[in-house]
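Grab a pencil and have a look at the model below. A few exercises come after it, each with a worked solution.

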Amino acid sequence: MPEDSMDKPSIVTCTAPVNIAVIKYWGKRDEDLILPINSSMSVTLHQDQLKTTTTVAISRSFQEDRLWLNGKEEDITHQRLQSCLREIRRLARKRRNDGDARATDSVGLSHKVHICSVNNFPTAAGLASSAAGFACLVYTLAQAFGVEGELSGIARQGSGSACRSMYGGFVQWIMGSKEDGKDSVAQQVEPESHWPELRILVLVASSERKPIGSTSGMQTSVQTSLLLQHRADAIVPRRMVDMIEAVRKKDFPAFAELTMKDSNQFHATCLDTHPPIFYLNSVSQQIIHLVHRYNKYCGETRVAYSFDAGPNAVIFTLQQFVPEFVQLVQHFFPPDRNGEDFIRGLPVKCAALPMELKQNIGLEPVPKGINYIISTKAGPGPRVVDDPSEHLLSAEGLPKKTV
């Protein structure tokens, strides 16, 4: 084989989704292995609207492992990233030693890797960017090194909630009990096709970085919040059972009530932390009021909210209620842009708001309180990108775009 073809990088590109927890993960019993103090459950969002794309190139000509995030070179010695990279290389080596032809040294287990990753959504703004990022990293590395099988436990070592982004649809992260964490893995409860009427609206109130990151926030909560342990021991186990049942039965009122209660309890735990952690802002609180007043006016639960570690609301509803609720959001949070730019993702039909509804809600409008809405639905897990033109790295293994 010609020398230059042997030096050409082996390149793989994959995408992975964001997930939104409806039963929240908050607090670790093991910081190094990222083992949670409670199980959790999430909905995987569709990659047509929200995804991470990662390209991995492997070549013997690379001098060192390198990483670029959103066009900027970053430190690849980050402990969690190294844990994922080390584990994938270990499994690839094991498969080769076991005689598996798909894990041969054709990709060069001793060769260095270049990793390039981009998000199509704000990083570190409460939109689970680390979950999608580490899920995509692990899935792409596994494809590049010929590793198959259970990968969620590896993704968990990068970012806890990343294990849930390894599957589509409705996913639970089983906390497990083993000290080595081997039983702390994600499982799909139902595929994305199970509940086609379910719709998700991400109301982006802020795309700025969180003042307190999830990792440090969790550590402080574990150390100081009595509510946290009570929640993990006495409340979450029952809620997990009830949530799985609600999803399987497609019981939206039950799903909605559990989702909102668990979101509120998560943020109550943050307030019970000493010193307290404030992830929600005044716009978040107005959204909460809007949802409850709308449901009360309708005489049924049509809409639910959930907030992760940030001010952005994730709204769950059914397809038939999307037009009216989006119109309601636009009325009470008048945008600083036209309707087309304000609503992104899946198209939303126009709806007329009855005057009685607006009067019953009775909130003061908050101009520019919401930057934009992402309209989406449940979607699939990670996938391989077949089109070489979509690689983020060039044939030489360097980013096609940098900042």
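The exercises start with one helix and then move on to strands, loops and cores; keep in mind that this is a predicted model.

**Exercise 1. Work out whether the span of helix α6 agrees with its number of residues.**

Solution. Start by counting: α6 runs over residues 226-249, which is 24 residues. The expected span is 1.5 Å times one less than the number of residues, so α6 should span 34 Å. Now check the ends: the end C-alpha atoms of α6 are 34 Å apart, so the two agree.

**Exercise 2. Find the kink in α6 and describe what sits at the helix ends.**

Solution. Walk along the helix to Ile 235, where there's a kink of about 50°. Shortly after that residue you meet a proline, Pro 237. Next, go back to the N-terminal end, which is capped by Ser 225. A side-chain oxygen of Ser 225 lies 3.4 Å from the backbone nitrogen of Leu 227. At the other end, α6 is followed by Lys 250, which has a positive phi, near 55°.

**Exercise 3. Which residues of α6 are buried, and what do they pack against?**

Solution. First pick out the buried residues: Leu 228, Arg 231, Ala 232, Ile 235, Val 236, Arg 239, Met 240, Met 243, Ile 244, Ala 246 and Val 247. To read the spacing in that list, recall that an α-helix has 3.6 residues a turn, so residues three or four places apart point the same way. Then look for the partners. Among the strands, the buried residues of α6 pack against β2 (19-23), β5 (40-44), β10 (170-173) and β11 (186-190). They also pack against two helices, α5 (214-224) and α7 (252-272).

**Exercise 4. Place β10 among its strand partners and say whether its faces are covered or open.**

Solution. Take one partner at a time. β5 pairs with β10 in the antiparallel sense over four bridges, and Ser 42 has Val 171 as its bridge partner in β10. β11 pairs with β10 in the antiparallel sense too, again over four bridges; here Trp 173 stands opposite Ala 186. Now turn to the faces: both are covered. Phe 170 and Gln 172 are buried on one side, while Val 171 and Trp 173 are buried on the other.

**Exercise 5. Look at the backbone at Ile 34, Asn 70 and Pro 275, and say where each one sits.**

Solution. Begin with the background: most residues other than glycine have a negative phi, and most peptide bonds are trans. Ile 34 isn't a glycine, yet its phi is positive, about 55°. You'll find Ile 34 in the loop between β3 (28-30) and β4 (35-36). Its relative accessibility is 0%, so Ile 34 counts as buried.

Asn 70 isn't a glycine either, and has a positive phi of about 50°. That residue is in the loop between β7 (66-69) and β8 (72-74). With a relative accessible area of 33%, Asn 70 is partly exposed.

Finally, the peptide bond from His 274 to Pro 275 is cis, with omega near -5°. Pro 275 belongs to the loop between α7 and α8 (282-298).

**Exercise 6. How many residues does the largest nonpolar core have, and which helix gives the most to it?**

Solution. The largest nonpolar core has 67 residues. α8 gives the most to this core, with seven residues. Another core, of 31 residues, lies apart from it and includes Phe 134 and Leu 151.

Technical notes: Residues numbered from 1 in each chain as written. Predicted model: local features only at pLDDT ≥ 70, side-chain atom pairs only at ≥ 80, totals over all residues. Heavy atoms only, no water. Bend = angle between axes of the 7 residues up to and from the residue. Buried < 20%, exposed > 50% of the residue type's maximum accessible area, 1.4 Å probe, protein only. Contact = heavy atoms within 4.5 Å. Polar contact = N/O pair within 3.5 Å; in protein donor to acceptor, adjacent residues only side chain to side chain. Pairing = 2+ DSSP bridges. Core = buried A, V, L, I, M, F, W, Y, C linked by side-chain atoms within 4.5 Å.
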